[in-house]
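These are my notebook entries on one structure, written as I looked things up. I wanted to know about its cavities, its disulfide and its aromatic rings.

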Amino acid sequence: MKKIYLLFFVLLVIIFASLYGLNHYREIKRHQQEQSAHLLASCVNQGILSLFRLQANDWRKHPNYYLDQQRELNEKIAALPKKILEGPSFNSWEYALDICEKLTRNTNLQHITIFRPLGELASAEMSDSRTFKQKASLRKRKKIIGALKESAHAADRYLRDLHNDINIKLRAYRFPDEERELIWNQINSEVLEFYQKGNFSLKNSEVYLERVSGFYRLMAENPRGYTVRNGSLYFYDPKLRSEIENLNRAILQGEGEFFANYSQIVARKQIPVADY
């Protein structure tokens with residue numbers, strides 16, 4: 001009888017130890033998942049904060065600011081693992097590091113696509129009348145305007161592209177469904193829920209770029225209709241002068257609005273505070 005009681009006691013000890021071990025394993029696993037999710041949420045957040053700094057830039061004064069932001073973002077991302085990881089590395093952490101690296105690379109490329117052409121448009125070279133008849137300068141202007149059209153579309157779909165990129169990256173790795181859902185929910189609750197598409201207007205950008213394109217096209221198509229004297233344009237053809245002046249006036253009036261448009265790509269949401 002004593003042996004039966006002893007066996008029963010040993011069995012209970014084994015069961016409790018197993019349950020404790022299982023619970024401890026689950027806690028460790030859950031904590032690891034939370035670290036991976038927090039890393040990716042922080043990674044996404046740093047990319048959006050970089051965008052906000054770019055949105056606030058004066059592109060006439062700092063035409064290459066996107067390069068500064070690229071370096072700064074890379075440094076901030078590189079510092080995240082040391083701040084977040086507790087204990088040794090694990091599989092899903094390595095996956096998260098990989099995803100973060102890829103997301104950051106795509107973010108930098110997206111920012112270059114959107115903002116580099118703004119700096120080029122704001123350059124003195126773009127409006128230098130002495131080069132209006134030069135074929136090489138004309139090709140460069142066409143290239144910049146083409147890049148700006150692509151830039152406007154990229155700005156318009158910024159958040160949508162970011163959501164898609166995150167989803168694609170998460171599905172490409174072998175996260176269990178539960179863990180993938182946890183990561184996505186944490187990215188949403190920590191970051192994405194606080195941002196929304198801003199008041200960026202693709203239509204206004206396209207109208208302005210069409211005017212700029214028309215201006216340079218007229219100058220290129222009528223090389224005998226004007227000359228440059230002391231840096232100023234002198235027109236032989238009154239009709240061409242009138243057309244150019246009207247177009248140039250519209251461009252100058254819309255220039256400030258065009259650059260300001262790029263400060264509204266993404267906006268912070270006004271999150272209501274619960275009244276307790």
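**Entry 1: the largest cavity**

I began with the cavities, and for the largest cavity I noted a volume of about 80 Å³. I should record early that this is a predicted model. My search for cavities of 30 Å³ or more gave two in the structure.

Which residues line the largest cavity? I wrote down Cys-43, Val-44, Gly-47, Ile-48, Leu-73, Ile-77, Leu-103, Thr-104, Thr-107, Tyr-158 and Leu-162. When I asked which elements give two or more residues to this lining, I found α1, α2 (65-84), α3 and α5 (158-172). The largest share, four residues, comes from α1. I then sorted the lining of the largest cavity by residue type, and it divides into eight nonpolar residues, three polar ones and no charged ones.

**Entry 2: the disulfide**

Since Cys-43 is in the lining of the largest cavity, I looked at this cysteine next. A search of the whole structure finds one disulfide, and it is formed by Cys-43 and Cys-100, whose sulfur atoms are 2.3 Å apart. I noted that the pair links distant parts of the chain, with Cys-43 in helix α1 (residues 2-55) and Cys-100 in helix α3 (residues 91-122), 57 residues apart.

Is the disulfide right-handed or left-handed? The torsion about the S-S bond of Cys-43 and Cys-100 is about 100°, so I entered the disulfide as right-handed.

I also checked whether the two cysteines are buried or exposed. Cys-43 has a relative accessible area of 4%, and because buried means under 20%, I count Cys-43 as buried. Cys-100 is buried too, with a relative accessible area of 4%.

**Entry 3: aromatic pairs**

My next search, again over the whole structure, finds 12 aromatic pairs. I reminded myself that a pair of aromatic rings is described by the distance of the centres and the angle of the planes.

For Phe-90 and Trp-93 the ring centres are 6.1 Å apart and the planes stand at 55°, so I wrote this pair down as tilted. Both Phe-90 and Trp-93 are buried. For Phe-215 and Tyr-216 the ring centres are 5.3 Å apart and the planes stand at 75°; because planes over 60 degrees apart count as edge-to-face, I gave this pair that name. Phe-215 is buried, with a relative accessible area of 8%, and Tyr-216 counts as buried at 10% relative accessibility.

I found as well that ring pairs link Phe-200, Tyr-208, Phe-258, Phe-259 and Tyr-262 into a cluster.

**Entry 4: arginines over rings**

Which residue lies over the face of Phe-259? I found Arg-60 there, at 4.4 Å from the ring centre, and Phe-259 is one of the residues in the cluster of ring pairs. I noted a further case in Arg-268, which lies over the face of Phe-52 at 4.3 Å from the ring centre.

**Entry 5: the second largest cavity**

I came back to the cavities at the end, and for the second largest I noted a volume of about 30 Å³. Phe-132, Leu-138, Arg-141, Tyr-216, Met-219 and Ala-220 line this cavity, so that Tyr-216, whose ring pairs with that of Phe-215, appears in my notes again. At least two residues of the lining are supplied by each of α4 (135-156) and α7 (202-221), and α7 gives the most, with three residues. By type, I counted five nonpolar residues, no polar ones and one charged residue in this lining.

Notes: Residues numbered from 1 in each chain as written. Predicted model: local features only at pLDDT ≥ 70, side-chain atom pairs only at ≥ 80, totals over all residues. Heavy atoms only, no water. Disulfide = S-S within 2.5 Å. Buried < 20%, exposed > 50% of the residue type's maximum accessible area, 1.4 Å probe, protein only. Phe/Tyr/Trp six-rings, centres within 6.5 Å; stacked < 30°, edge-to-face > 60°. Lys NZ or Arg CZ within 6 Å of the ring centre and 35° of its normal. 1 Å grid on protein atoms, 1.4 Å probe; cavity = no way out; pocket = protein on both sides within 12 Å on 5 of 7 lines; lining within 4 Å. Points joined across faces, edges and corners; volume = space filled by probe spheres on them. Nonpolar A, V, L, I, M, F, W, Y, C, P; charged D, E, K, R; others polar.
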